[in-house]
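Colleague: Could you take me through one part of this model in some detail? I would like to look at the enclosed space inside it and then at what lies around it.

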Amino acid sequence: MVRVRAILRFGWALTVVAAGSSTALASPEPQALWTVDDVLRDSRSANGRLPIALFDVAIAREKVSEARAERWLKVALEGDFIYAPPNGYDPAVTNAGETRLQVVGRQPIYDGGARRARVLRNEADVDVAGARYRVAEKDLELDVRSRYAEAVQADAEAAARREGALRLGGYRTSLESRRASGQGVAADLLKVDVRLATEQAAIVDAEGRRDQAKVVLNVLMGREPDAPLALAPLPPPDGAAVPEGLGIGFDRVPEVARAAAEAKSAEADLEIARAERKPHVLFSGDVGFLGSDTSRLVPADLRASDPDANFGDRIHRDLGYSFTLSLSLPIWDAGAIRSRVRQAELRLQSAERGVAFQKQESRRQSAQALASQRNIREQIRILSDAAPSARDSYLEAESRYRGGAATSLEVLDAYAASVDAAVRLSEALSRYRIAQAVAQRWSTP
């Protein structure tokens, strides 16, 4: 009974292990392979993050146009009609009502530089929004490259484990033959069955990680999460050496540019706050109709001066123009302006500290990524030599076992070492690609 269960477990394991290759062979039309550049292209055009950041840029540009327009002449048509009957309020106060229809123009003459500073602030906000868009773009690129590398690594790991499991299945077949001939290898068969089951669980786990990474890539590209996605394998690292020091681009990354633009915006806010202490001069002019007494067609004062006056005479009298020059200079406000200036000074200091911090953070991220690249590259070199040797060691241990010069434990240890070397090599390649993407993320504008 134990033997039947073991055979069933072995058959189930080998069936699932070989499922990936057999499914691929049965497919009549293989899918077109997506390269990382293909995924990046579709992600930039269809991803949901970038349009939101792009709207912020457009809004900031419109605010610049608004701030510039505030510096120039404003012309408006204004009017009102107040009806106050004779038995209402005191006519000396209300003039028995009032009617007004004027074209009014207003032009600021001097405001202490507040409007000019608002233009500079909004221009800085455009740079802030542009830097945020670039941050979103670079984060998207890093996300795509990382998920792509993870999917390719998980696929390579599953393939390496399947290949190892098939080799171990061949070894198990030889054990079955030896047991059929009467040799006591039942314990060795149980160990192999346990190892095959463990390997199958690892294959399922790798395939799950691959599918999860593909779901993320599909969503980033604006596709259905479960859409089929066949990824092209990544090329091995090129022969170029990893730079020993930082490049000159780490202090020009979007985070640093955004912090610098925020500092300019805070500086403009300080100028706006200081402008409140200065005099403000406004020139305005109007032309149109302005008259009193809306309860009669011809006001009493006009009829008193001309008994034959009519409505046309009233229109002629009320037609005119005027000019006004206004001055405003704060004298005392209980310290409100001083507090606003101090707030703006503190925001500027905070923004300047933010620039220094972002430069430091960019330097750290770039240095860590380059150090990681150098370390992983050495691992890849070692594992590239070790993986074939570990596979040959397994074949040699299996051959010695058949000749009676090795134990089953030695065979399983050699098998574990060969699979582990292949898996670790795929992981190192994936981590190298991710470190390479991180270094590019934090060392290029």
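**The cavity and its surroundings**

Modeller: Happy to. By class, the residues that line the largest cavity are two nonpolar, one polar and four charged. Please keep in mind that this is a predicted model. The structure holds one cavity of 30 Å³ or more, and the space in the largest cavity comes to about 50 Å³. Its lining is made up of Lys138, Glu141, Leu142, Arg145, Ala437, Gln440 and Arg441. Two elements, α6 and α12, each give two or more residues to that lining. The most comes from α6, which provides four residues.

Those two helices turn up again at an open space, the second largest pocket, where α6 (114-180), α11 (336-402) and α12 (408-441) each supply at least two lining residues. This pocket has a volume of about 340 Å³. There are 18 residues in its lining, and Val152, Ala156, Leu425, Ser426 and Leu429 are the closest to its centre. Here the largest share belongs to α12, with six residues, whereas at the largest cavity α6 gives the most. The class make-up is worth a look too: 13 nonpolar, three polar and two charged residues line the second largest pocket, while the lining of the largest cavity has two nonpolar and four charged ones, plus one polar.

Let me add the strands, since you may want to follow the chain through them. Strand β3 (residues 97-110) and strand β5 (residues 280-292) run antiparallel and are joined by 12 bridges. Within that pairing, arginine 106 stands opposite serine 284 of β5. On to the next pair: β5 is also joined to strand β6 (residues 319-328), again antiparallel, by 10 bridges. There, phenylalanine 283 has leucine 325 in β6 as its bridge partner.

Two loop residues deserve a pause. Alanine 96 sits in the loop between α5 (91-94) and β3, and its phi is near 55 degrees, a positive value in a residue other than glycine. Aspartate 293 is found in the loop between β5 and α9 (300-305), and its phi is also positive, at about 60 degrees, although it is not a glycine. Why pick these out? Most residues other than glycine have a negative phi. As for exposure, alanine 96 is buried, because its relative accessible area is 12%, which is under the 20% cut-off. Aspartate 293 counts as buried as well, with a relative accessibility of 6%.

Key: Residues are numbered from 1 along each chain as its sequence is written. This is a predicted model: local features need pLDDT of at least 70, side-chain atom pairs count only at pLDDT 80 or more; totals for chains, interfaces and linings use all residues. Side-chain values use heavy atoms; hydrogens and water are left out. Two strands pair if DSSP finds at least two bridges between them. On a 1 Å grid over the protein atoms alone, a cavity is a set of points where a 1.4 Å probe fits but cannot get out, and a pocket is an open set with protein on both sides within 12 Å along at least five of seven lines; lining residues have an atom within 4 Å of a point. Grid points are joined across faces, edges and corners, and a volume is the space filled by probe spheres set on the points. Ala, Val, Leu, Ile, Met, Phe, Trp, Tyr, Cys and Pro count as nonpolar, Asp, Glu, Lys and Arg as charged, and the others, Gly among them, as polar. Buried means under 20% relative accessible area, exposed over 50%, partly exposed in between (1.4 Å probe, protein chains only).
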